[in-house]
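Open the structure in your viewer and get ready to click through it. We will go from stop to stop, selecting a few side chains at a time.

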Amino acid sequence: MANSVIILSDEKLTALKAYYASDVVKRDAPGVVFAAKTANASITAYRSGKVLFQGGGAEQEAAKWESGMDAGSSASIKKPLTKGTVLPDRLETLSVIGSDETGTGDFFGPVTVCACYVRADQIPLVAELGVKDSKLLTDPYMRSIAPDLKSVLTYSVLTLQNEKYNTVQAKGWSQGKIKALLHNQAIRHVLRKLEEERPDYILIDQFAERGVYYNHLKNEREIVRENVLFSTKAEGLHVAVAAASIIARVAFLDEMDRLSELAGRTLPKGASKKVDETAAAILLAKGEPFLRSMTKWHFANAKKATVLAAKTRG
Ligand code: MN
């Protein structure tokens with residue numbers, strides 16, 4: 001494990017405390033005035049002014065404070081985007097597993113999660129294959145580039161079918177818990193496929209605070225914790241998340257196609273009035289168990305569709 005020790009002035013120590021304020025941990029050791037733990041380093045400050053950095057990101061963190069920076073120039077430090085996560089410098093150039101999900105807001109269709117590894121030297125290729133922030137990409141475009149991404153990258157994509165979703169939801173699982181379990185599982189799959197190779201970081205497009213995420217996973221046998229970062233809008237921070245987002249989206253679209261075929265009509269995305277109308281038509285034509293088997297049944301759309309169908313029946 002890499003260790004770095006630096007000595008800081010009182011001024012810098014004050015700045016350091018403020019910088020890691022959201023990562024504070026309690027450490028009752030002699031002489032310790034401050035301790036914090038980030039995703040990639042433990043930081044311990046002593047009364048003497050010595051600060052010890054430990055862990056994979058130790059040197060990187062220490063470098064932020066020792067590089068002749070004045071206390072007043074701390075504005076040059078990259079601020080955490082979200083509580084609990086300090087993003088490493090030049091993250092976009094590192095080897096990263098990105099993880100993202102889709103389908104959580106859609107009444108019809110599954111939740112899909114993809115974890116995808118992009119090695120540092122693959123970053124230009126992935127960009128060349130057309131990966132951009134997925135929010136800017138259309139469904140047909142994503143469908144056209146997903147096969148290339150899948151052929152060059154190590155990934156795992158999980159599709160949680162509606163029957164299973166409804167079963168665990170009825171048991172009291174929140175969407176947060178469902179997502180956390182799927183992300184952890186997809187990341188584990190990718191790590192297993194990578195064998196000896198290890199990413200610099202794992203970046204999860206954030207849907208929950210770190211503590212909440214790990215609380216959802218507390219009963220899991222294998223929990224991935226090392227070098228895990230959380231950030232919102234993570235698809236803009238590393239192409240691995242953008243690629244994961246595209247592969248997850250295409251898995252969602254594929255399952256929507258399959259379900260549309262079963263239903264004999266095109267299932268709309270989202271949770272709009274159009275969704276209610278389509279659901280009501282399916283309810284009338286095929287019955288409730290059939291409709292339930294392709295929807296997230298706890299959504300308000302289920303009740304609205306039932307009311308609409310009853311009106312149509314007269
Ligand atoms: Mn996301």
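This tour of a predicted model visits its aromatic rings.

A little background helps here: two aromatic rings are described as a pair by how far apart their centres are and by the angle between their planes. In this model, the count comes to seven aromatic pairs.

**Stop 1: Y19 and Y20.** Select these two and show their side chains. The ring centres of Y19 and Y20 are 4.8 Å apart and the planes meet at 80°, so this pair is edge-to-face; an angle over 60 degrees is what earns that name. Are they buried or exposed? Y19 has 5% relative accessibility and counts as buried. Y20 is at 0%, so Y20 counts as buried too, the cut-off being under 20%.

**Stop 2: Y213 and F230.** Now select this pair. With centres 5.0 Å apart and planes at 65°, the rings of Y213 and F230 are also edge-to-face. Look at where they sit along the chain: Y213 belongs to helix α7 (residues 210–216), while F230 lies in strand β9 (residues 228–231). The two are 17 residues apart, so the pair links distant parts of the chain. Both Y213 and F230 are buried.

**Stop 3: the cluster.** Keep those two and add F207 and Y214. Ring pairs join F207, Y213, Y214 and F230 into a cluster.

**Stop 4: charges over rings.** Which ring does the charged end of K177 sit over? Select W173 to find out: the charged end of K177 is over the ring of W173, 4.8 Å from its centre. Finish with K286 and F290, where the charged end of K286 sits over the ring of F290, 5.2 Å from its centre.

Terms used: Residues are numbered from 1 along each chain as its sequence is written. This is a predicted model: local features need pLDDT of at least 70, side-chain atom pairs count only at pLDDT 80 or more; totals for chains, interfaces and linings use all residues. Side-chain values use heavy atoms; hydrogens and water are left out. Rings of Phe, Tyr and Trp (its six-membered ring) pair if their centres lie within 6.5 Å; planes under 30 degrees apart count as stacked, over 60 as edge-to-face and the rest as tilted. Buried means under 20% relative accessible area, exposed over 50%, partly exposed in between (1.4 Å probe, protein chains only). Helices (H or I, at least four residues) and strands (E, at least two) are DSSP runs, numbered from the N terminus. A charge sits over a ring if NZ of Lys or CZ of Arg is within 6 Å of the ring centre and within 35 degrees of the ring normal.
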